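Reader: Hi! I'm new to this one, could you walk me through it?
Author: Happy to, let's put it on the screen and take it piece by piece.

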Amino acid sequence: MSQASTVSLTRYLLEEQRAGHINADLRLLIEVVARACKSISIAVGKGALGGVLGDAGSDGEASINIQGEAQKKLDVLSNEILLEANAWGGHLAGLASEEMDHSLPIPDVHPRGNYLLLFDPLDGSSNIDVNISVGTIFSVLRCPEGVTTPGDEHYLQPGTAQLAAGYCTYGPSTMLVLTIGHGTHAFTLDREIGSFVLTQRDMKIPEETREFAVNMSNQRFWEPPMQRYVGDLLAGREGPRGKDFNMRWVASMVADVHRILTRGGIFSYPLDSKCAGKGGKLRLMYEANPMAFLVEQAGGAASTGRQRMMEVPPTGLHQRVPVFLGSKAEVEAAVRYHVEAD
Ligand code: AHG
Ligand code: MN
Ligand code: MN
Ligand code: MN
């Protein structure tokens, strides 16, 4: 691709600002997050040579996060990179992370801005030590009027309130996928010049698909409608769906969602009796909602199986939800199995 025709992330964001879609503050916030993702990409890329693999914690003691998960070193490092990058920029009033029990107002030694940043600093942690793609997921909300020191309750806004959302996938190439509410666009990191370059404007998810992504080992724990739905997928062309399906499961939501944004598919992490008490496995505020925004902006759909994801009224910072997202017609089919069963 010749330099002349390339559109960098900076140019894309400036053009969006000129179009009135974002203001300078939000533009600069997204640039800060993208820069932090570049640093995380470098750390992830070092692998064993960077001393960043394996579990966090010291002298044999695992470091357990608010989710009850043993943290990986890269979970902690990625979280620190995002905190440090965003502390002094002046765009944020506060931030919330999968890896922090509570949200954090920007320290008052720095100027505060009007936005709230929520993120999953390292998604797919179980894949770090086996060299499979991982990612970072982020979501931007407005800090409520008149709130200068935001608390957890100020983040509890539905997905429809998001001003921007995106992820960075650290795979064979590092790609930033972003929406500010005007389509979903993909940028590839040009490591030689150190900037993200627009490589896919206006991603569109095919309405129909033959590919599903679910962790089949949980099948015996699913609700009956989910059993029926997946059973019909597995029955293939002889079954009620009348076509054969393929399956993929990376166990990094970012990697599975990126495949779906690129070629279609349905991703599901449904309720199962193992995590039903917690509402599901995946987190609403910094996994399901940002992904739902990206998917809807690409013409797809995102649901809990019974409700549009972005209309779920949040009740907690680390709230979990069942997730169905991807090709619109397939998500609607999966939802029908659940709604008809109720
Ligand atoms: P995280 O690593 O941020 O905790 O997220 C992991 C999530 C998600 O990325 C993935 O789709 C899912 O967990 C995989 O769950 P299983 O390991 O149960 O398949
Ligand atoms: Mn985790
Ligand atoms: Mn995650
Ligand atoms: Mn994570």
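Author: We'll go through the domains, the cores, the metal sites, the aromatic pairs and the cysteines. Keep in mind that this is a predicted model.

Reader: Thanks! Which domains does the assignment give for the protein chain?
Author: There are domain 1 (3-200) and domain 2 (211-341). Their centres, taken over C-alpha atoms, are separated by 24 Å. Domain 1 puts 50 residues into the contact, and domain 2 puts in 30 residues.

Reader: And how many residues are in the largest nonpolar core?
Author: The largest nonpolar core holds 43 residues. Y167, F267, M291, V323 and L325 are the ones with the most contacts inside this core.

Reader: Which helix gives the most to this core?
Author: That's helix α6 (residues 284-297), with 9 residues. Both domain 1 (3-200) and domain 2 (211-341) give residues to this core, so the core lies between them.

Reader: Nice. What does Y167 touch?
Author: Leaving aside residues up to four places away in sequence, Y167 touches T136, I137, F138, M175, L176, V177, V254, V257, H258, L261, M291 and L294. One of these, M291, also appears among the residues with the most contacts inside the largest core.

Reader: What about a second core, how many residues does that include?
Author: The second core is separate and has 42 residues, among them V33, A34, L74 and F196. As a general point, nonpolar side chains in soluble globular proteins tend to be buried together.

Reader: Let's switch to the metals. Which residues are the protein donors of the manganese ion (ligand 2)?
Author: Two glutamates: E69 (OE) and E98 (OE), which lie 2.1 to 2.2 Å from the ion. E69 is in the loop between α2 (24-46) and α3 (73-87), while E98 is in the loop between β1 (92-97) and β2 (104-105). The two are 29 residues apart, and the pair links distant parts of the chain.

Reader: Is E98 buried or exposed?
Author: E98 is buried, at a relative accessible area of 4%. E69 counts as partly exposed, because its relative accessibility is 26%.

Reader: Then what coordinates the manganese ion (ligand 3)?
Author: D120 (OD), D123 (OD) and E287 (OE) do, at 1.9 to 2.1 Å. Along the sequence these donor residues follow the spacing D-x2-D-x163-E.

Reader: Where do D120 and E287 lie?
Author: D120 is in strand β3 (residues 115-123) and E287 is in helix α6, so the pair ties together parts that are 167 residues apart in sequence. D120 is buried, with 0% relative accessible area, and E287 is buried too, at 1%. Helix α6 is also the helix that gives the most to the largest core.

Reader: How many Å apart are the manganese ion (ligand 2) and the manganese ion (ligand 3)?
Author: The two ions are 5.3 Å apart.

Reader: Okay, new topic: how many aromatic pairs does the structure hold?
Author: It holds 4 aromatic pairs. In one of them, the rings of Y229 and Y337 have centres 5.3 Å apart and planes at 65 degrees, so this pair is edge-to-face.

Reader: Where are Y229 and Y337 in the chain?
Author: Y229 is in helix α4 (residues 224-235) and Y337 is in helix α7 (residues 328-341), so they sit 108 residues apart and link distant parts of the chain. Y229 counts as buried at 2% relative accessibility, and Y337 as buried at 16%.

Reader: What else is in helix α7?
Author: R336 has its place in helix α7. R336 is partly exposed, with a relative accessible area of 45%. R336 and Y229 are 107 residues apart in sequence, and their C-alpha atoms are 9.2 Å apart in space.

Reader: Which residues do ring pairs link into a cluster?
Author: W249, F267 and Y269 form that cluster. F267 is also one of the residues with the most contacts inside the largest core.

Reader: Last one: how many disulfides are there?
Author: The count is 0 disulfides. For C37, the nearest cysteine sulfur is that of C168, 4.3 Å away.

Reader: Why is there no bond between C168 and C37?
Author: Because 4.3 Å between the sulfurs is too far for a bond; the cut-off for a disulfide is within 2.5 Å. C37 counts as buried at 0% relative accessibility, and C168 is buried with a relative accessible area of 0%.

Terms used:
Residues are numbered from 1 along each chain as its sequence is written. Chains are lettered from A and ligands numbered from 1 in the order in which they are written. This is a predicted model: local features need pLDDT of at least 70, side-chain atom pairs count only at pLDDT 80 or more; totals for chains, interfaces and linings use all residues. Side-chain values use heavy atoms; hydrogens and water are left out. Buried means under 20% relative accessible area, exposed over 50%, partly exposed in between (1.4 Å probe, protein chains only). A nonpolar core is a set of buried Ala, Val, Leu, Ile, Met, Phe, Trp, Tyr and Cys residues joined through side-chain atoms within 4.5 Å. Helices (H or I, at least four residues) and strands (E, at least two) are DSSP runs, numbered from the N terminus. Domain bounds come from an automatic or database domain assignment. Contact means heavy atoms within 4.5 Å. Rings of Phe, Tyr and Trp (its six-membered ring) pair if their centres lie within 6.5 Å; planes under 30 degrees apart count as stacked, over 60 as edge-to-face and the rest as tilted. Donors are N, O and S atoms within 2.8 Å of the metal (3.2 Å for Na, K and Ca); water is not among the atoms, so sites may look incomplete.
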